[in-house]
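Reader: Got a minute to walk me through this one? I'd like to start with how the helices pack.

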Amino acid sequence: MFARAKQLTMLLLGSACLWGGSALAADSAGRSDENMPIGVTPVSQTVYDIHMLMFWICVAIGVLTFGALIFSLIKYRKSKGAVAANFHESTKVEIAWTVIPFIILIGMAWPATTALIEVYDSDEAELDIKVTGSQWKWRYDYIGEDVGFLSILSTPRDQIENKTAKGEFYLQEVDEPLVLPVGKKVRFLVTASDVIHSWWVPDLAVKRDAIPGFTHESWAYIEKAGTYRGYCAELCGKDHAFMPIVVKAVPEAEYNDWLAQKKQEAAELRALTSKVFTLDELMARGKDVYSKNCAACHLENGEGVQGAFPALKGSPMAIEADQLTAHIDIVVNGKSGTAMQAFGGNISDVDLAAVITYERNAWGNNTGEIVQPVDVYNHRKGE
């Protein structure tokens, strides 16, 4: 029996060592299926160090506790005539089981508290980015830079519907990643426009709830260029799984070039607001806008989802002339109490005009009506 117990003890110790060895292997590789990532920011390194400290403390407690238990079961078993010791009202034991856990608790609380102070210290940021969650996309606004855009899942619908093979980054790819400079402190101002979301990028050690009406701060100082992926970590609706986050960290010079390009694109888009488009131009642009922003609810064929999202194909809202103003209003301002969100703050007037025109002329609606960007602009201004 003693030999079996000895084997069991060695097996437990061996398992603990193997598990720990696996965790340590993640330390050098940076990735592991069994352990959390180390990340690419000082905060993520701190979080990882605390995680490993807690892990080894728990391993030590487990080994000592189960070791003492197994040793006692074998050494002082009834068949050997052992008599149970009586520790009742033992001052030494009372002190020991009070002081030892207290020391362990302080040993764990001290680094955790230090890390929390570091996590919430978003002062002296060199770049501020507003992150807004909405069903089911993210909007990024570079404060003071006049640059903002939506970031939407770009995984093809055919992959989601199992019509084609899934790609390497299935449900982890977007059309517009968040681009950040390496070596600069970036502050994130996280909020939401409809329901509660959560912006989570494990490599940056950033996870903040995005709540309508509130703004939560977080920050990151990325030390290594690369592409880092995350997810919405709050169950926010039927397409919660389709809200990936992609952060592209680049050297500062490359970031400045990208920012200049985005500013140029924004200026060109504003200039288009006064342009008069043809029906074909708006239909081509509107189809793309619809696919990215509307198809998740109303479907690519405009037939909607019965009982959940109304059809646009043949809908009075989309085909009757006297409903045109209402059509513009619901796309710009949304509909209170429903899943129809306001797109006025997320999409440019040009794209809003294009998608409304598309909805009024696609799938056989064929109204021939054209909505120009200036019509959307005037509606937003109440003119």
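Author: Sure. Keep in mind that this is a predicted model. Let's begin with H9 (residues 324–333) and H10 (residues 349–359), which pack with their axes 11 Å apart at an angle of about 130°.

Reader: What do we call H9 relative to H10, going by that angle?

Author: Oblique: the angle of about 130° makes H9 oblique to H10.

Reader: And which hand does the crossing of H9 and H10 have, left or right?

Author: Right-handed.

Reader: Which residues make the contact?

Author: From H9 you have His327, Ile328, Val331 and Val332, and from H10 come Leu352, Val355, Ile356 and Glu359. By class, that contact holds six nonpolar residues, one polar and one charged.

Reader: OK, and H11? At what angle does H9 pack against H11?

Author: H11 covers residues 373–380, and the angle between H9 and H11 is about 75°, with the axes 10 Å apart. The two helices are therefore roughly perpendicular to each other, since angles of 65 to 115 degrees count that way.

Reader: Which residues meet there?

Author: On the H9 side, Thr325, Ile328, Asp329, Val332 and Asn333; on the H11 side, Val376, His379 and Arg380. The classes in the contact of H9 with H11 are three nonpolar, three polar and two charged. Notice that Ile328 and Val332 of H9 are also in the contact with H10.

Reader: Switching to strands. What is the order in the open sheet?

Author: The five strands run S3-S2-S1-S5-S8, with mixed pairing. At the edges are S3 (147–151) and S8 (216–221), each of which pairs on one side only. Ignoring direction, neighbouring strands are turned by 25° against each other on average.

Reader: How do S1 and S2 pair, parallel or antiparallel?

Author: Antiparallel, over six bridges; S1 is residues 127–134 and S2 is residues 137–142. To pick out one pair, Lys130 has Asp141 in S2 as its bridge partner.

Reader: What about the loop between S1 and S2, which residue lies there?

Author: Trp136 lies in that loop, and a cis peptide bond joins Gln135 to Trp136, with omega at about -10°. Most peptide bonds are trans, and most residues other than glycine have a negative phi.

Reader: Funny you mention phi. Which residue has a positive phi although it is not a glycine?

Author: Leu171, at about 60°. Leu171 sits in the loop between H4 (157–160) and S4 (178–181).

Reader: Back to strands for a sec. What does S9 pair with?

Author: S6 (residues 197–201) pairs with S9 (residues 226–232) in the antiparallel sense over two bridges. S9 is also joined to S10 (residues 244–250) by six bridges, again antiparallel.

Reader: Which residues stand opposite each other there?

Author: Trp199 is opposite Cys232 in S9, while Tyr231 is opposite Pro244 in S10.

Reader: Last bit, the overall picture. How many helices and strands does the chain have?

Author: 11 helices and 10 strands.

Reader: And what is the radius of gyration, next to that of a compact globule?

Author: The chain has 29 Å, whereas a compact globule of 383 residues would be near 21 Å. The C-alpha trace spans about 100 × 45 × 40 Å along its principal axes.

Technical notes: Residues are numbered from 1 along each chain as its sequence is written. This is a predicted model: local features need pLDDT of at least 70, side-chain atom pairs count only at pLDDT 80 or more; totals for chains, interfaces and linings use all residues. Side-chain values use heavy atoms; hydrogens and water are left out. Axes are lines fitted to C-alpha atoms, for helices over the stretch in contact, and angles run from 0 to 180 degrees between N-to-C directions. Helices (H or I, at least four residues) and strands (E, at least two) are DSSP runs, numbered from the N terminus. Angles under 35 degrees count as roughly parallel, over 145 as roughly antiparallel, 65 to 115 as roughly perpendicular and the rest as oblique. A crossing is left-handed if the near helix is turned anticlockwise from the far one by less than a right angle, and right-handed if clockwise. Contact means heavy atoms within 4.5 Å. Ala, Val, Leu, Ile, Met, Phe, Trp, Tyr, Cys and Pro count as nonpolar, Asp, Glu, Lys and Arg as charged, and the others, Gly among them, as polar. Two strands pair if DSSP finds at least two bridges between them. The radius of gyration is taken over C-alpha atoms; the globule rule is 2.2 Å times the number of residues to the power 0.38.
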